[in-house]
Amino acid sequence: MNTAPLRAHYPWMSSDDVIYLNAASTGPHPERAVEKGREWLELRAQPQKITIPHMVNAAQHAREHFAAMIGAESTEIALMPNTTYGLNVAARGLPLRPGTILTFDGEFPSCVYPFMALGSRGVGLERVPFGEDGLPDENEMITRITRGDVVAVVVSWVQYASGFVVDLARIGEACRAAGAFFIVDGIQGCGVREINVRELGVDVFASGAQKWMLSPWGTGFVYVRHELHDVLQAPDVGWACMTASADYAHLTDYKYEFWPDARRFEVVTLAYHDFGVANESLAAMREAGGPAALGAHIEALADRLVEWAQSRSDVKLWTPADRARRAGVIAITPDDMPGALGRLKRAGVVCVPREGAIRLAPHGYNTMEEIERTIAALDS
Ligand SMILES: Cc1ncc(COP(=O)(O)O)c(C=O)c1O
């Protein structure tokens, strides 16, 4: 029996000799999103067939989908081409006084470079070293936050290589107590894990949609909580930030008035057709039960991988075994890495090596039978 909640959207997965365990790199599009893409491309080829409401509605639906995934209002969502652009909105737009920004060592570079770039403003980025287990050291992070010079903290919700899930509630609380901004890169968890950014006190949350949200490259969003809309200065200013962009007939009135909501951070013409495709992927995910149901399915698959890794003395499990501290990324290091990678490849398993480990990233379309075949390949 096939109980994978998204499997029906991927007919090729049942006929091709491929086991796709690489959502942490690129999420495949469900079939209905591919269809929607064809529709949009045909319309785009003859733009006279596309109305402005059609474009504007595609963008608004995307904002609503993203907002629902993270417990936000759609007025707190600005559409972005990826994660990093959203993090740049935070890095360059927040009123940071001179001081220190903290992140974890081993973060994906999107949490590092935009903040390293602030050195000339007297804001330095400091990386909290790994703990002895090679995972983010949250205790050390909390100690440093309370030191007094910290103006912001930026972390990934789920670490891209180890799959470690950061305790956002704990770090958020420490940030609030210290008066520091709390910025989160959500891409490795968003869509397949429940979150309420408002309850967690997150100030800015950025995520591309090209991985776990199964959407086109060039789609994503940034959440900026309402209270910060006037505080955070839009770092890039374009015609689309302004209320006047709603009236194509009078653009040269140059009325300098920002949108009152997060659209003020959307600078340029959007990739409407890509967000139209994203809406189809996001609708499929929502109909399959959303982050709660997809997360539960992924957890069951991950449980099996974890259990297998723990049963092998020649395999190191980098990802925490504790369910609360892992999501869809399971990182394992067999003693014989090249041999294991070769066996996986011959078995049709699509996965990647990252930072000395093999990263397995199952999603709502994968079945337990595929996980057993993956394990059999590793065992062979
Ligand atoms: C944690 C994390 N942040 C960001 C990215 C990608 O950034 P962007 O969406 O800006 O290309 C990745 C991709 O691997 C990632 O794992």
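**Angles, burial and contacts in a predicted model**

Mentor: Let's start with two helices: α6 (residues 138–145) and α7 (residues 168–178) pack with their axes 9 Å apart, at an angle of about 10°. Helices (H or I, at least four residues) and strands (E, at least two) are DSSP runs, numbered from the N terminus. Axes are lines fitted to C-alpha atoms, for helices over the stretch in contact, with angles from 0 to 180 degrees between N-to-C directions. The model is predicted: local features need pLDDT of at least 70 and side-chain atom pairs 80 or more, while totals for chains, interfaces and linings use all residues. Residues are numbered from 1 along each chain as its sequence is written.

Trainee: Why is α6 called roughly parallel to α7?

Mentor: Compare the angle with the cut-offs: under 35 degrees is roughly parallel, over 145 roughly antiparallel, 65 to 115 roughly perpendicular, and the rest oblique. The angle here is about 10°, so α6 counts as roughly parallel to α7.

Trainee: Which residues make the contact?

Mentor: From α6 come Glu 138, Met 141, Ile 142 and Ile 145, and from α7 come Arg 170, Ile 171, Ala 174, Cys 175 and Ala 178. Two residues are in contact if their C-beta atoms, placed from the backbone, lie within 7 Å.

Trainee: How many nonpolar, polar and charged residues does the contact of α6 with α7 have?

Mentor: The contact has 7 nonpolar, no polar and 2 charged residues. (Ala, Val, Leu, Ile, Met, Phe, Trp, Tyr, Cys and Pro count as nonpolar, Asp, Glu, Lys and Arg as charged, and the others, Gly among them, as polar.)

Trainee: What makes α3 oblique to α8?

Mentor: The axes of α3 (residues 52–70) and α8 come within 9 Å and cross at roughly 45°. That angle falls outside the three named ranges, so α3 is oblique to α8.

Trainee: Which residues in α3 and α8 meet?

Mentor: In α3 they are Met 55, Ala 58, Ala 59, His 61, Ala 62 and His 65, and in α8 they are Tyr 272, Phe 275, Gly 276, Ala 278, Asn 279 and Leu 282. By class, the contact of α3 with α8 holds 8 nonpolar, 4 polar and no charged residues.

Trainee: How do you know that Ala 283 is partly exposed?

Mentor: Ala 283 has 16 other C-beta atoms within 10 Å. A residue is buried if 20 or more other C-beta atoms, placed from the backbone, lie within 10 Å of its own, exposed if 12 or fewer, and partly exposed in between. The count for Ala 283 is 16, so Ala 283 is partly exposed. Ala 283 sits in helix α8 (residues 272–287). Its C-alpha atom is separated by 38 Å from that of Arg 127, 156 residues apart along the chain.

Trainee: Is Leu 214 buried or exposed?

Mentor: Leu 214 has 29 other C-beta atoms within 10 Å, so it is buried. Leu 214 is placed in the loop between β7 and β8. Leu 214 also has a positive phi of about 60°, although it is not a glycine.

Trainee: What makes a positive phi worth a comment?

Mentor: Most residues other than glycine have a negative phi. Tyr 254 is another non-glycine residue with a positive phi, near 50°. You can find Tyr 254 in the loop between β8 and α8.

Trainee: Why is Tyr 254 called exposed?

Mentor: Tyr 254 has 9 other C-beta atoms within 10 Å, so it meets the exposed cut-off. Asp 247, also in the loop between β8 and α8, has 10 such neighbours and is therefore exposed. For Gln 48, in the loop between α2 (31–45) and α3, the count is 6, so Gln 48 is exposed.

Trainee: Why is helix α4 said to be largely enclosed by the rest of the structure?

Mentor: Helix α4 (residues 83–93) has 11 residues and 9 of them are buried, so the rest of the structure largely encloses it. The buried residues are Thr 83, Thr 84, Tyr 85, Gly 86, Leu 87, Asn 88, Val 89, Ala 90 and Ala 91.

Trainee: What covers the buried residues of α4?

Mentor: The cover includes the strands β2 (77–80), β6 (181–185), β7 (204–208) and β8 (220–224), along with helix α5 (113–116).
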